[in-house]
Amino acid sequence: MRFKKTLLITIHFFLMILKISAQDTSDIMKELEKEIQQKKEFVTATFKTTRLINGHTVENVGKGVLDIKISHRFGQINEGSYELFGLDEATIRIGGDFGITNNLMVGIGRSTFQKTYDAFFKLKLLRQSSGNNSVPITLSYIPTIALKTLKFEDPSRKNYFSSRISYTHQLIIARKFSKNTSLQLMPTYIHKNLVLLAADPNNLFALGIGGRQKLTKRVSINVEYYYQLPKYKMPNTTNSLSIGFDIETGGHVFQLHFTNSKGMTEKNLITETAGDWAKGDILFGFNISRVFTIGNRSK
Amino acid sequence: MLKKNTTLFLILITLFVSNTFAQQNDYKVKSGTISFKSEALLELIKAQSKELKGIVLASKKQFAFIVSISSFKGFNSPLQQEHFNENYLESNKYSTASFEGKIIEDIDFSKDGVYSIRAKGNLTVHGVVQERIIKSDVIVKHNTISLKSNFTVLLADHNISIPKVVHEKLASEINVEIKADLIVK
């Protein structure tokens, strides 16, 4: 009996020690960590820059940031040594993107391809987040207007200014799966006021898919593909497929890539790509992006 | 039967005593700011977070402080903030910075006064743990603790490498300042 009492007291003693030591530092740290995890946190840097290769990513530039982009495509590699494997030829787009807010950016550009001007805005409708009430994806809407300023083919007939215009409406649904891996889907609708042949469709639909895989902290490999839906496809064109690398150095991002598209605005890129990868109609190209902060410092 | 009651009583007393003992002197950060400054040749970078969290168990002289890396704001540009998170602190992988350990001095936090204390513990930044002793100034008034502390963090100590091209824009030693008000939990 006496032994039993001693045992019980010993157990009490243990309980007391347990009770005191139960809340040691790692426990209070866990409590604090839990609080932090519950807080809603927006996912950032799904992609390095606002363009994947030719087309848009879900990314915007920040408020008050101007991003000057020079995009350059050489000619087709299979043109041979006479054209120095395409290096003699150039298609260029010069443009600028500006962030009005962190969720709204506007951009303009001019391409040598069909002497096209383009203007767009990109609005983030949803932002991927973690914590309480998390959202699994980022969703952006990008309407673009493109103006082709080549001289009319037949000046003798009555030509309308509106014939030069085409419209693009694009949604981008993106998810950053991990620190290194991001994917996006880009359903796109394009309307051309004027097409070459009566049989050509004015309304076109395409579904784009793209992604990036980081290789190091500052280098990633990107893939971009636009599939034109067979019923709404521009005849005699191919689907745009591009593979490239993002190389980031401070305020610059260099993008080097291989693509079968010459055009760099959605309308040209998605519905007017003529190159065929299988035949070697591959163009080497690069984009250079430099950002300037011209608004106030981020608050 | 009597023995059983005594046992029960003992258990209750034990729990009661240890409970009051442990909870009497727990403090929690009500508002906390942590800011850092990198003074390099070509660029001054400053950022701060108002989301510093922390707990001090005065009875056991223990403490823990933590902050979410992505809560730092005030950089020179949005891109700089992105680089801070993506390339330097890798907040996706190491989402927090923390400091936990014990207070060296015996301070009675129930008494008002101004104290200078040293906290010894593990500082975790970028997933790398460093044992540090950090000095703090503490003012206790009506059960509220106002804490202020300055210390430096060497980037190399925490495995944060600086590419050559930004050597003149980023200091290798970062000044950190903490200000926090703690109240009884």
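A charge sits over a ring if NZ of Lys or CZ of Arg is within 6 Å of the ring centre and within 35 degrees of the ring normal. The model treated in these exercises is predicted.

**Exercise 1. Charges over rings**

Task: Find which ring Arg164(A) lies over, and at what distance from the ring centre.

Solution.
1. Arg164(A) lies over the face of Phe152(A).
2. The distance to the ring centre is 4.0 Å. The distance cut-off is 6 Å.
3. Chain A offers another case: Arg127(A) sits over the face of Phe42(A), 4.2 Å from the ring centre.

**Exercise 2. An aromatic pair in chain B**

Task: Classify the ring pair Phe72(B) and Phe84(B), then place both residues in the chain.

Solution.
1. Start with the total: 14 aromatic pairs occur over all chains.
2. For Phe72(B) and Phe84(B), the ring centres are 5.9 Å apart and the planes meet at 75 degrees. Planes over 60 degrees apart count as edge-to-face. The pair is therefore edge-to-face.
3. Phe72(B) belongs to the loop between strand E4 (62-68) and helix H2 (78-88) of chain B, while Phe84(B) is in helix H2 itself. Twelve residues separate the two, and the pair links distant parts of the chain.
4. Check burial, which requires a relative accessible area under 20%. Phe72(B) has 4%, so Phe72(B) counts as buried. Phe84(B) has 11%, so Phe84(B) is buried as well.
5. In chain A, ring pairs join Phe74(A), Phe258(A), Phe284(A) and Phe286(A) into a cluster.

**Exercise 3. Phe72(B) and the cores**

Task: List what Phe72(B) touches beyond four places in sequence, and state its part in the largest nonpolar core.

Solution.
1. The partners of Phe72(B) are Ile34(B), Phe36(B), Ala47(B), Gln48(B), Ser49(B), Val67(B), Gln81(B) and Phe84(B).
2. The largest nonpolar core has 45 residues. Phe72(B) is one of those that touch the most other members, together with Phe36(B), Phe65(B), Phe109(B), Val138(B) and Leu182(B).
3. A second, separate core holds 21 residues, including Ile190(A), Val195(A), Ala206(A) and Val291(A).
4. A general tendency for context: in soluble globular proteins, nonpolar side chains tend to be buried together.

**Exercise 4. The surroundings of H2(B)**

Task: Why is H2(B) described as largely enclosed by the rest of the structure?

Solution.
1. Count the buried residues: ten of the eleven in H2(B) are buried, so the helix is largely enclosed.
2. Among them are Leu79(B), Gln80(B), Gln81(B), Glu82(B), His83(B) and Phe84(B).
3. Now find the packing partners. In chain A they are strands E8 (165-176), E10 (203-214), E12 and E14 (283-293). In chain B they are strands E1 (26-39) and E2 (44-49).
4. After the helix comes Glu90(B), with a positive phi near 45 degrees.

**Exercise 5. Two buried polar residues of chain A**

Task: For Ser240(A) and Gln255(A), give the strand, the burial and a side-chain polar contact.

Solution.
1. Ser240(A) is in strand E12, residues 240-249. Its relative accessible area is 1%, so Ser240(A) is buried.
2. The side chain of Ser240(A) makes a polar contact of 2.7 Å with that of Ser261(A).
3. Ser240(A) also contacts Asn54(A), Tyr226(A) and Leu269(A), among others. Asn54(A) is 186 residues away in sequence, yet the C-alpha atoms are 9.2 Å apart.
4. Gln255(A) is in strand E13, residues 252-259. Its relative accessibility is 2%, so Gln255(A) is buried.
5. The side chains of Gln255(A) and Asp246(A) share a polar contact of 2.9 Å.
6. The contacts of Gln255(A) include Thr49(A), Arg51(A) and Phe286(A). Arg51(A) lies 204 residues away along the chain, with 9.3 Å between the C-alpha atoms.

**Exercise 6. The two chains as wholes**

Task: What radius of gyration does chain A have, and what would a compact globule of 299 residues have?

Solution.
1. The globule would be near 19 Å, but chain A has 27 Å.
2. Next, the box along the principal axes: the C-alpha atoms of chain A fill roughly 115 × 40 × 40 Å.
3. Chain A has three helices and 14 strands. Of its 299 residues, 42% count as buried.
4. Chain B has two helices and nine strands, in the order α-β-β-β-β-α-β-β-β-β-β. Of its 185 residues, 48% count as buried.
5. Finally, take contacts with a separation of 6 or more. Residues 24 or more positions apart supply 57% of these in chain A and 59% in chain B.

Methods. Residues numbered from 1 in each chain as written. Chains lettered and ligands numbered in written order. Predicted model: local features only at pLDDT ≥ 70, side-chain atom pairs only at ≥ 80, totals over all residues. Heavy atoms only, no water. Helix = DSSP H or I, 4+ residues; strand = E, 2+ residues; numbered from the N terminus. Buried < 20%, exposed > 50% of the residue type's maximum accessible area, 1.4 Å probe, protein only. Contact = heavy atoms within 4.5 Å. Polar contact = N/O pair within 3.5 Å; in protein donor to acceptor, adjacent residues only side chain to side chain. Phe/Tyr/Trp six-rings, centres within 6.5 Å; stacked < 30°, edge-to-face > 60°. Core = buried A, V, L, I, M, F, W, Y, C linked by side-chain atoms within 4.5 Å. Rg over C-alpha atoms; globule rule 2.2 N^0.38 Å.
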